[in-house]
Amino acid sequence: VSNAPLITYNKMWAEAQESLNCLLQKEIEEKSHKPLKDRQVVFQMLGTFYVKYVQIFRNLEAAYDQIVHPQKRLIIRQMLDGVMGRILELKNEMVELELSEYHYFDDILQDLKLAPENIEIPIPRYFIKEKIKVLKEREKILAQIMLDAGMISPDTSYPLKKVVKLMPLEEAIRTIQIAERARQGRLRATFMKQIYLEEKRERLARLTGEKALDIDGAVLFIQKLWRGYAQWKKSLKLREEEMVFLGMIPPPHFQKPSISILRAQKVDNIRCELQEKHELDFQKALVSIKERVKEIEGPDIKESLQDQIRQWFIECRHMTGRFPDYPDEEQGGSAVLFAEKTPEEVAAEIIAKEEEELKKKKKKKGKKEKKEKGKKKKQGKEKKMLMHNSFQILLIQLMLDEGWNFSQEYDPELIKEEKRKEVEEEIRIQVDELMRQELKNLKLAVDREIERKGQKGKKGKVSRHDLHFYLQIWVLNYVSLYRTIDSLYQELVEAQILIRAKKVKLGDYVGEYSYLGSTLRQKDIEPMPSLTDVRQLIALYGILPLGSQAVHEKAPLVKALLLAGPEGVGKKMLIHALCTETGANLFNLSAANIAGKYPGKAGLQMMLHIVFKVAKQLQPSVIWIGDAEKTFYKKVPKAEKELEPRRLKKQLPKILKTLKIEDRVLIVGTSKRPFDADLKPFCRVYKKIILVPRPDYASRFVLWKHVIEQNGGVFSKNLNISCLAQVSDGYTQGHIVKAVQSVLTERRLMQLNKKPLTAAEFLVCLARQDPVYKEEEETYKVVLAWAKSVGARKCFVDELVIQLSHIYKELNIPLKMTKHALKPAI
Ligand SMILES: Nc1ncnc2c1ncn2[C@@H]1O[C@H](COP(=O)(O)OP(=O)(O)OP(=O)(O)O)[C@@H](O)[C@H]1O
C-alpha cells in the first residue's frame with residue numbers, strides 16, 4: 001500500500017511538475033512576444049493553455065489525494081491551489097476576449113488527441129475530506145435542531161410530509177368493505193370466465209364432432225411444442241453471444257463491479273487512514289521538534305542576536321555620532337536590519353522609488369498611468385499564483401529523488417529547517433524588547449537623549465454618510481454580541497432560512513459534451529451551450545473558490561451568480577451540488593421563503609446581519625435567492641404584493657460591498673423568467689449570468705438512461721432509449737424525471753420480470769406536460785446576450801434592443817424596452 005503511492009503518484013506529481021514548468025516557460029515566452037492581434041489566434045493560445053492546465057490539475061489532484069507523505073502534500077497543495085487559480089485567470093481572460101461565458105474546445109481537443117472527459121474540471125476531494133469531522137458534527141446539530149422544532153420525523157430524519165389526517169371509524173370500515181367486495185368480485189369474475197370458456201369449448205366440440213386424441217398424436221404434439229421452445233431458447237442465447245462478440249452489448253461480467261475496482265477502492269481507503277495517521281504524526285512532530293530546537297539552539301540564537309544588535313549600536317555611533325533609533329514593532333523590529341533581500345526585491349524597491357518620484361513630477365497624467373499599473377499589477381498577480389521560491393523547488397527535487405523513505409513519513413530535517421526560522425523569529429521579539437531597553441539605558445547614560453513620541457498618521461475625515469453606516473454596523477454588532485454563533489445558527493434553522501442541502505454531487509448532473517461548439521462559432525452561429533459546459537462553469541465559478549481559501553483570495557472574485565433557464569433544468573440541483581461538493585451551508589433568501597419573517601425595515605436588516613454573520617463565520621456558504629427576478633420587478637403583480645418580493649432590492653448591492661475577498665460566501669440567484677426583471681439593478685448585482693439550457697439529444701439520451709436506472713428500471717431491447725430521446729425534444733430534465741417516476745411505481749417495478757418496459761409507457765406522461773416552446777427558448781438567447789455584455793462590460797445596446805423587441809413582439813408581451821431604458825444596464 002505504501003509503496004504504490006511512492007512510485008505511481010510520485011511519478012504523476014513529477015510529470016505534472018515538469019509540464020507545469022514547461023507551460024510557465026511557454027507562457028512567459030508568449031507574453032514577451034509582440035501582442036497578437038488576431039482574436040482567433042489569441043483564443044487558440046489561451047484555450048490550449050487552459051486545456052493543458054486542466055490536465056495538470058487533474059494529475060495533481062489525484063496525487064494530492066493519494067500521496068501519504070505529509071510534507072509532500074503541503075507542497076502539492078500549494079501547487080494545486082496555484083493551478084486552480086491560474087485556470088480561473090485564463091477563463092477570465094477568455095471571457096473578456098470572446099465576450100461569452102461559454103468556450104468550446106473541441107478543435108483543441110482534437111489537435112491534442114484528448115477526449116472531452118480529459119477537460120472535465122475535477123473537484124478536489126480534500127474540500128470535503130479535510131473537514132469531514134466538522135461537517136458531520138454540523139449535520140448532527142442541524143438534524144437535532146430540526147427534530148426539536150418538529151421539522152423532520154424522528155425515524156427517517158426526512159422532512160415531515162403532510163400531516164396525517166385521522167379517518168373516522170365508519171369511513172375506514174367503508175373503505176375496507178369496498179376493497180374487500182372488489183376483491184371478491186374479481187375472484188368471482190375469473191371463476192365465471194373459466195366456467196364460460198369450459199362450456200364454450202364443450203359446445204364447439206359437440207358441434208364439430210371432435211374425436212378424442214390418440215396417445216401418439218398427443219406425444220407428437222408435446223414434442224413439437226417442447227422442441228420449438230428449446231430451439232427458441234438456444235437461438236436467443238446464440239444471438240446474445242453474437243451481439244457480445246460484435247460489441248453491440250456489454251458482456252455479462254460488465255454489469256458486476258470488477259474485482260480490481262473493488263480492490264482499488266479498498267486500497268484507497270487504507271491510504272486515507274494512513275494519510276490521517278501521518279498527518280497526525282507530522283503535526284505532533286511540528287510541536288515537539290520546535291520545542292527541541294528552542295531548548296537546544298535557543299540560547300545560542302539569543303546570544304548571537306544580541307551580539308549582532310549591540311555591534312550595530314556601536315557601528316552607528318561611530319558613523320553618526322549618536323545611537324540609532326530602534327525600529328519599532330510595526331516595522332518588524334530588528335528583523336529589518338537583518339532582512340536578506342533577493343535581487344528581484346531590491347530591483348522592485350528601486351523601481352518603486354523611481355515610480356514614486358515620477359509620480360510626484362507627473363501628477364497630471366494620472367489616468368493613463370493608473371490603467372497601465374493596473375495591468376502590471378494584474379500580471380504580477382497572475383504570476384504570483386504559480387511562483388515557487390527556490391527553496392520549494394529544492395524541496396520538490398529532494399522529495400522526488402528519495403527512495404529510502406518506504407513508509408512515506410515526514411522528514412524531520414525539513415521540519416527543523418522550518419522551525420528554526422520560527423524559533424528565531426520568536427526569540428528575536430524577546431531580544432527586541434530587551435535590546436530596546438538596553439538602547440534606552442545606553443542613550444540615557446551616554447547621550448542623555450530624551451525620547452519623543454512621534455505622532456502617528458493623519459486621521460482621515462469621516463463623512464456623515466460613513467458615520468451613519470458605521471453606527472448601523474455598531475448597533476447590529478452590539479445586538480448580536482450577546483448571541484453566540486450557535487444560537488444564531490439555531491434561530492436561522494428554526495426560521496427555515498438555513499436549510500439542509502440535498503446530497504447530490506456535481507457529477508449527478510448528467511449531460512453530454514457538445515462536439516460542434518467551435519465549428520458553429522467559426523461560422524458565426526452562437527451555439528446553445530451543453531450541459532457539460534454548465535457543469536464546468538459551476539465548478540469554476542462556484543466550487544473551486546468556495547472550496548479553497550487560497551483560490552478565493554487570489555483568483556478573479558465572483559460574489560454573485562445567476563442561474564437562468566426554463567423550469568426544471570436543474571438550477572436548484574446545481575445549488576445543492578455546490579453545497580455538497582464544498583460542504584457549504586445553504587441559506588434560502590427567496591422572496592417566498594422570507595415573506596413575513598423578520599418584518600419591517602429593522603427586522604430585515606437584522607435578518608441579513610444574522611445570515612451573513614453566520615455565513616461568514618461558518619464559511620463556505622451559499623446564499624440562494626430563488627426567483628431572483630422578483631427582487632427586481634419593475635412593478636409587482638397584484639397577486640404577489642403580499643410576498644413583498646422587492647424586499648431585498650436595496651440591501652443586495654450593499655451586502656455585496658461588505659463581502660470581502662476572504663469571505664467564502666457566494667450569492668446564487670435562480671430565475672425562470674429573468675426577462676421580467678428591471679435590467680439595470682439586476683445585472684449590477686448578478687455580474688455572472690449562467691444560462692442553463694434544456695438538454696440536447698445527446699444529453700437526453702444519457703439522461704433517460706440515468707433516470708430510469710436511478711428509479712429501479714431495467715433495460716431490455718424493448719425499451720428504445722434513442723426513440724425516447726428523439727421524441728422528448730423540447731422537454732426538460734424535470735419533465736423526464738416526472739415521467740419516469742410516474743411510470744416506475746412500486747407495482748410496475750414488481751412486474752418488470754414478466755412485462756419489460758417499453759418507450760410508449762413514458763410518452764403518455766410526457767405528452768401531458770408542456771415542453772419549452774421555441775419562442776420561450778428564443779428569449780433565453782437574449783439572456784445569453786446579457787451574460788455576454790455583463791461579463792465584458794461592453795455595450796451591445798442596439799443588438800439587444802432589436803432582439804428583445806423582436807421576441808417580445810412574437811410573444812405578445814407588452815413591455816416597453818427603449819434604448820434609453822436599457823443603456824445603463826450594460
Ligand atoms: N442534468 C441532470 N441530471 C440528472 N437529473 C437532473 C438534471 N437536471 C435536473 N435534474 C432533475 O430534474 C428535477 C428538476 O430539477 P430542479 O428542481 O433542480 O430544476 P429547477 O430548474 O430548479 O426547476 P424550477 O425552475 O422549477 O425551480 C430534479 O429532480 C433534478 O434532480
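Where does Asp627 sit, and between which two elements? The legends below take that view in turn, starting from the whole chain of this predicted model.

**Figure 1. The whole chain, a predicted model with 32 helices and 6 strands.** Here's the overview before we zoom in. The protein chain has 826 residues, and 38% of them count as buried. If you look at contacts with a separation of 6 or more, 82% of them come from residues 24 or more positions apart. The accessible surface of the protein chain comes to about 51700 Å², and carbon and sulfur atoms hold 57% of that.

**Figure 2. Asp627 in the loop between S4 and helix H23.** Back to the opening question: Asp627 belongs to the loop that runs between S4 and helix H23 (651-658). Its phi is near 45°, which is a positive value in a residue other than glycine. Asp627 is partly exposed, with a relative accessible area of 27%.

**Figure 3. A cis peptide bond at Pro620.** The bond to look for runs from Gln619 to Pro620; it is cis, with omega near 0°. Pro620 itself is part of the loop between helix H22 (600-617) and strand S4 (621-625).

**Figure 4. Gln496, a non-glycine residue with positive phi.** This one has phi near 60°. Gln496 is placed in the loop between helix H16 (485-494) and S1. As for its surroundings, Gln496 counts as partly exposed, at 41% relative accessibility.

**Figure 5. Tyr489, a buried residue of helix H16.** Tyr489 is part of helix H16, and its relative accessible area is 5%, so the residue counts as buried. Which residues does Tyr489 touch, once those up to four places away in sequence are set aside? The list is Arg138, Ile141, Leu142, Ile145, Leu498, Asn585, Val614 and Leu618. Take Ile141 from that list: Tyr489 and Ile141 are 348 residues apart in sequence, yet their C-alpha atoms are 9.7 Å apart in space.

**Figure 6. Lys503 and its partners.** You'll find Lys503 in the loop between strand S1 (498-499) and helix H17 (517-522). Lys503 is exposed, with a relative accessible area of 61%. Leaving out neighbours within four places in sequence, Lys503 is in contact with Glu139 and Thr580. With Glu139 there is a polar contact of 3.1 Å between the two side chains. Glu581 is another residue to show in this view: its C-alpha atom is 8.9 Å from that of Lys503, with the two positions 78 residues apart along the chain.

**Figure 7. Gln536, buried in helix H18.** Helix H18 (residues 531-547) holds Gln536. Is Gln536 buried or exposed? With a relative accessible area of 9%, Gln536 falls under the 20% cut-off and is therefore buried. Beyond its neighbours within four places in sequence, Gln536 is in contact with Tyr50, Ile119, Glu120 and Ile121.

**Figure 8. The ligand and the residues around it.** There are 15 residues around the ligand, and Val510, Gly568, Lys571, Lys572 and Met573 come nearest. By class, this shell has 6 nonpolar, 4 polar and 5 charged residues. Helix H20 (571-582) and helix H27 (733-743) each supply at least two residues of the shell.

**Figure 9. Backbone atoms facing oxygen atoms of the ligand.** Three distances are worth labelling here. A polar backbone atom of Met573 is 2.9 Å from an oxygen atom of the ligand. For Gly570, a backbone N or O atom lies 3.1 Å from a ligand oxygen atom. At Val569, a polar backbone atom is 3.2 Å from an oxygen atom of the ligand. Taken alone, the ligand exposes 630 Å², and the protein buries 79% of that.

**Figure 10. Two cysteines, Cys22 and Cys765.** How many disulfides are there? With a pair of cysteine sulfur atoms required to lie within 2.5 Å, the count comes to 0. Cys22 is partly exposed, at a relative accessible area of 47%, whereas Cys765 is buried, at 12%.

Notes
Residues numbered from 1 in each chain as written. Predicted model: local features only at pLDDT ≥ 70, side-chain atom pairs only at ≥ 80, totals over all residues. Heavy atoms only, no water. Buried < 20%, exposed > 50% of the residue type's maximum accessible area, 1.4 Å probe, protein only. Helix = DSSP H or I, 4+ residues; strand = E, 2+ residues; numbered from the N terminus. Contact = heavy atoms within 4.5 Å. Polar contact = N/O pair within 3.5 Å; in protein donor to acceptor, adjacent residues only side chain to side chain. Near = heavy atom within 4 Å. Areas by Shrake-Rupley, 256 points an atom, 1.4 Å probe, with all protein chains shown as cover. Nonpolar A, V, L, I, M, F, W, Y, C, P; charged D, E, K, R; others polar.
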